[in-house]
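Hi there,

Here is the structure I said I would pass on to you. Have a look at it first, and then read on for what turned up in it.

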Amino acid sequence: MLKIYNSLSRQKETFKPIEPGKVSMYVCGMTVYDLCHVGHARVMVVFDMIARHLRNIGFDVTYVRNITDIDDKIINRANENNESITELTERFITAMNEDSNALGVVPPDSEPKATEHMDQIIDMISALIKKKHAYVGSNNDVYFDVSSFENYGNLSGKNTEELRAGERVEVQNEKDDPLDFVLWKSAKPEEPSWPSPWGEGRPGWHIECSAMSTHCLGNHFDIHGGGQDLQFPHHENEIAQSVCSTGAEFANVWIHNGFVRVDEEKMSKSLGNFFTVREVLKDYQPEVIRFFILSSHYRSPLNYSIDNLEEAKSALTGLYTALRDAHVSNDIEPKKDYVDQFNSFMNDDFNTPKTISVLHELAKELNRCSDKSSKEAIEYATTLKYFGSVLGLLQDEPQAFLQAKTGSDDNELDEVAVQKFIDERSEAKAAKDYAKADEIRDHLVSLGISLEDTPQGTIWRRN
RNA sequence: GGCUGAGUGGCAGAGUGGUUAUGCAGCGGUUUGCAAAACCGUGUACCUCGGUUCAAUUCCGGGCUCAGCCUCCA
């Protein structure tokens, strides 16, 4: 039985799909004006893990993750760079896909773009105006009338009185109420724009997600997700727009992942304390980042640090080491007791840290098997790799992982060079010239290569 | 100021009303020419003060500290 923490009710709930056997999930994706940082990586990896698990336990999943390709930041950045909006957004969409692929993220079933859904956006705004939930301001901007939706604030646990009392809500004269938010912005000269019943303009940020989610998944769907910072106002506004325009229920379950922190502070563009995915990939294999992300619960804060990445690397190295001489078979069923355990942890609000402890347990059992081709050993290895596939881990060839270059250091020895040193050392060893053998080994260690002497010969790995 | 969430062993990080998380690091051992890897063994951890209870790190209340949202943000 799958239980998911629903931000709307602030508790774990037993998941009941709207349509038996099917799950529809919408996740707020990236605004493509810059490279993805580790915080974005967390969203991609977390919801990928969720989609994988839902599929693994038998659901037919439709996963939609949007791309925001028009907004103020994009316009500003394009102006700064002196390039067109589309040049800019296409460049960063490509970069995002590269990062996403590197992290082992299975592409969502659909990645709708705001600019390609203007009709749906305009239709929804028209419906809101018609139903008196929105109005056209004196400047021809269209605003949503927050006071017209009595459940406003349910998701974020805020009430409109307190929000109005808050000093930080900026007062804009065009709005009837400071809480009202923009649905359609009329275009200033030189700005990209689309025709609408209210003149040339572009959509506000929140409306695109309401329009695209309901367009792709229907008015009422199962899961809506995103980073915790979107809970208010973005998701709150989405609910208001969708419910008021369609008259139907919107998302049943709201999932919000926690932040990535740097020195106990949220990693964010505005604070400037972010690390881009490709920056981290210079020093670490992508799977290390993925493992790092999954090693804490998706709702907990995740502290970004070199120490923590190193720890993820060690743990993952241990798992791959166990798989190194192991045999995996497609003809063997994963061990049922472990599968039950694994699934019960995943079904408990996607408790990946717990499932990783199962991975370690299996690796230990596998290491204990003296005969790696025994049925028992094959079962452990097969089960381990199967769990890895649900988490999006451990799918590389073990030696490929253990010997992979990280890419940032051009001085790294290549495989041929390493093998030459190993051969040289083997000769020295055979001649019982241990001083020389040790000298070669020390030299390799200083170059980041560790050797292991095994009955089958000397093998190596990169540290 | 309002609203969330959190405070676990050297570090990271789950979890639980009474029984081993797990990983990294450390220590002892097995193995090894020596190592490495692996295995075995090894840790009086649960912010603070009250309360409930036979029993609380776990439930309730107060306090302290931290993070987040209330403005663009994954």
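**Rings and charges**

Let's begin with a charge above a ring: Lys-266 sits over the face of Phe-259, 4.5 Å from the ring centre. Lys-158 does likewise with Phe-232, this time at 5.3 Å from the ring centre. Before you go further, keep in mind that this is a predicted model.

Rings also pair with other rings here, and the count comes to 13 aromatic pairs. One of them joins Phe-144 and Phe-181, and it is stacked: the centres are 5.1 Å apart and the planes make an angle of 15°. The label "stacked" applies because planes under 30 degrees apart count that way. Try finding both residues on screen: Phe-144 belongs to strand β6 (residues 142-144) and Phe-181 to strand β7 (residues 181-186), so this pair ties together parts that are 37 residues apart in sequence. Are these two rings buried or exposed? Phe-144 has 0% relative accessibility and counts as buried. Phe-181, at 7%, counts as buried as well, because the cut-off for that word is under 20%.

There is also a cluster to look for: ring pairs link Phe-221, Phe-250 and Trp-254.

**The sheet**

Strands β6 and β7 take us to the sheet. Its 4 strands run in the order β5-β6-β7-β8, the sheet is open, and the pairing is antiparallel. Which strands stand at the edges? They are β5 (134-136) and β8 (201-203); each has a single partner strand, so one side of each is left without a neighbour in the sheet. From one strand to the next, the twist averages 20°.

Here is a reminder that should help while you trace the strands: strands of a sheet pair through backbone hydrogen bonds, and they can be parallel or antiparallel.

You can walk across the sheet one pair at a time:

- β5 and β6 are antiparallel to each other over 3 bridges, and Val-136 stands opposite Val-142 in β6.
- β6 and β7 are also antiparallel, over 3 bridges; the bridge partner of Tyr-143 is Val-182 in β7.
- β7 and β8 pair in the antiparallel sense over 3 bridges, with Trp-184 opposite Pro-203 in β8.

What packs on this sheet? Helix α4 (residues 118-130) does, and it touches β5, β6, β7 and β8. The direction of helix α4 makes about 120° with that of β7.

**Some unusual backbone spots**

A bit of background first: most residues other than glycine have a negative phi, and most peptide bonds are trans. Now for the places that go the other way.

Remember Phe-232, the ring with Lys-158 over its face? The peptide bond from Phe-232 to Pro-233 is cis, with omega near 0°. Pro-233 itself is found in helix α7 (residues 231-246).

Next, Asp-349 is not a glycine, yet its phi is positive, at about 55°. You'll find Asp-349 in the loop between α11 (336-347) and α12 (352-368). With 0% relative accessibility, Asp-349 counts as buried.

Leu-394 also has a positive phi, of about 65°, although it is not a glycine. Where is Leu-394 found? Look in the loop between α13 (375-391) and α14 (398-403). Leu-394 is buried, and its relative accessible area is 0%.

**A buried threonine**

Have a look at Thr-355 too, which is found in helix α12. Thr-355 is buried, with a relative accessible area of 0%. What is Thr-355 in contact with, leaving aside its neighbours within four places in sequence? The partners are Phe-342, Phe-345, Met-346 and Leu-391. Now compare positions along the chain: Thr-355 and Leu-294 are 61 residues apart, and their C-alpha atoms are separated by 9.6 Å.

**Zooming out**

To finish, here is the overall layout. The domain assignment of chain A gives domain 1 (3-262), domain 2 (282-403) and domain 3 (415-462). Taken over C-alpha atoms, the centres of domain 1 and domain 3 are separated by 56 Å.

Happy exploring!

Conventions: Residues numbered from 1 in each chain as written. Chains lettered and ligands numbered in written order. Predicted model: local features only at pLDDT ≥ 70, side-chain atom pairs only at ≥ 80, totals over all residues. Heavy atoms only, no water. Domains from an automatic or database assignment. Phe/Tyr/Trp six-rings, centres within 6.5 Å; stacked < 30°, edge-to-face > 60°. Helix = DSSP H or I, 4+ residues; strand = E, 2+ residues; numbered from the N terminus. Buried < 20%, exposed > 50% of the residue type's maximum accessible area, 1.4 Å probe, protein only. Lys NZ or Arg CZ within 6 Å of the ring centre and 35° of its normal. Pairing = 2+ DSSP bridges. Axes fitted to C-alpha atoms, helices over the stretch in contact; angles between N-to-C directions. Contact = heavy atoms within 4.5 Å.
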